[in-house]
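This briefing is meant to be read with the sequence and the model side by side. The points below are grouped by topic, beginning with the cysteines and moving on to the chain as a whole and then to individual residues.

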Amino acid sequence: MHQFPITSGPHGSLACFDCHNNAGNRVAFACIDCHEHRQSEANSEHQGVSGYVWASASCYQCHPNGRN
């Protein structure tokens, strides 16, 4: 199982279940629950990125290490 390395910085104080909040499926996770207020900014930053979608799975597909 791949571990998302959010152990420092602004995400460092989060508990695992802050993002993995689906009690029926702990593999599922949510990025946009907290980052939803930044959708317009993310949309602007991803102009021209093929396949960009504002969805947690899409975030993880391109940013599997939590980095740009």
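Cys 62 counts as exposed in this predicted model, with a relative accessibility of 53%, a value that lies over the 50% cut-off for that class. The closest cysteine sulfur to that of Cys 62 belongs to Cys 59 and lies 8.6 Å away; because a disulfide requires the two sulfur atoms to be within 2.5 Å, this separation is too far for a bond. A search of the whole structure likewise finds zero disulfides.

**Confidence**

- The mean pLDDT of the chain is 77, and 78% of the residues reach a score of at least 70.
- Among the elements of the chain, helix 3 has the highest mean pLDDT, at 88, whereas helix 2, which covers residues 32-35, has the lowest, at 76.
- Where pLDDT is low, the predicted coordinates should not be read in detail.

**Chain as a whole**

- The secondary structure consists of four helices and zero strands, so that the order of elements from the N terminus reads α-α-α-α.
- Of the 68 residues in the chain, 9% are buried.
- The accessible surface of the chain amounts to about 5400 Å², and carbon and sulfur atoms account for 52% of that area.
- When contacts between residues at least 6 apart in sequence are considered, 46% of them join residues at least 24 apart.

**Phe 29 and Ser 56**

- Phe 29 is located in the loop that runs between helix 1 (16-19) and helix 2, and with a relative accessible area of 29% Phe 29 is partly exposed.
- Ser 56 belongs to helix 4, which spans residues 56-62, and is classed as buried because its relative accessible area of 10% is under the 20% cut-off.
- Although 27 residues separate Phe 29 and Ser 56 in sequence, the distance between their C-alpha atoms is 7.2 Å.
- Once neighbours within four places in sequence are left aside, the contacts of Phe 29 are Cys 19, His 20, Ser 56, Ala 57 and Tyr 60.
- With the same kind of sequence neighbours set aside, Ser 56 is in contact with Phe 29, Ala 30, Cys 31 and Ile 32.

**Gln 39 and Ala 42 in helix 3**

- Gln 39 is found in helix 3, which covers residues 39-45, and Ala 42 lies in helix 3 as well.
- Gln 39 is partly exposed at 32% relative accessibility, while Ala 42 has a relative accessible area of 12% and is buried.
- Not counting residues up to four places away in sequence, Gln 39 touches Tyr 52 and Trp 54, and Ala 42 touches Tyr 52 and Trp 54 under that condition too.
- The C-alpha atoms of Gln 39 and Ala 55, which are 16 residues apart along the chain, are separated by 9.8 Å.
- The C-alpha atoms of Ala 42 and Tyr 52, which are ten residues apart along the chain, are separated by 9.7 Å.

**His 46 in the loop after helix 3**

- His 46 sits in the loop between helix 3 and helix 4, and at a relative accessible area of 21% it is classed as partly exposed, because the buried class is reserved for values under 20%.
- The side chain of His 46 reaches the backbone oxygen of Ala 42, a residue described above as buried, at a distance of 2.7 Å.
- Apart from residues up to four places away in sequence, His 46 touches Tyr 52 and His 63.

Definitions and conventions
Residues numbered from 1 in each chain as written. Predicted model: local features only at pLDDT ≥ 70, side-chain atom pairs only at ≥ 80, totals over all residues. Heavy atoms only, no water. Helix = DSSP H or I, 4+ residues; strand = E, 2+ residues; numbered from the N terminus. Buried < 20%, exposed > 50% of the residue type's maximum accessible area, 1.4 Å probe, protein only. Contact = heavy atoms within 4.5 Å. pLDDT = per-residue confidence, 0-100. Areas by Shrake-Rupley, 256 points an atom, 1.4 Å probe, with all protein chains shown as cover. Polar contact = N/O pair within 3.5 Å; in protein donor to acceptor, adjacent residues only side chain to side chain.
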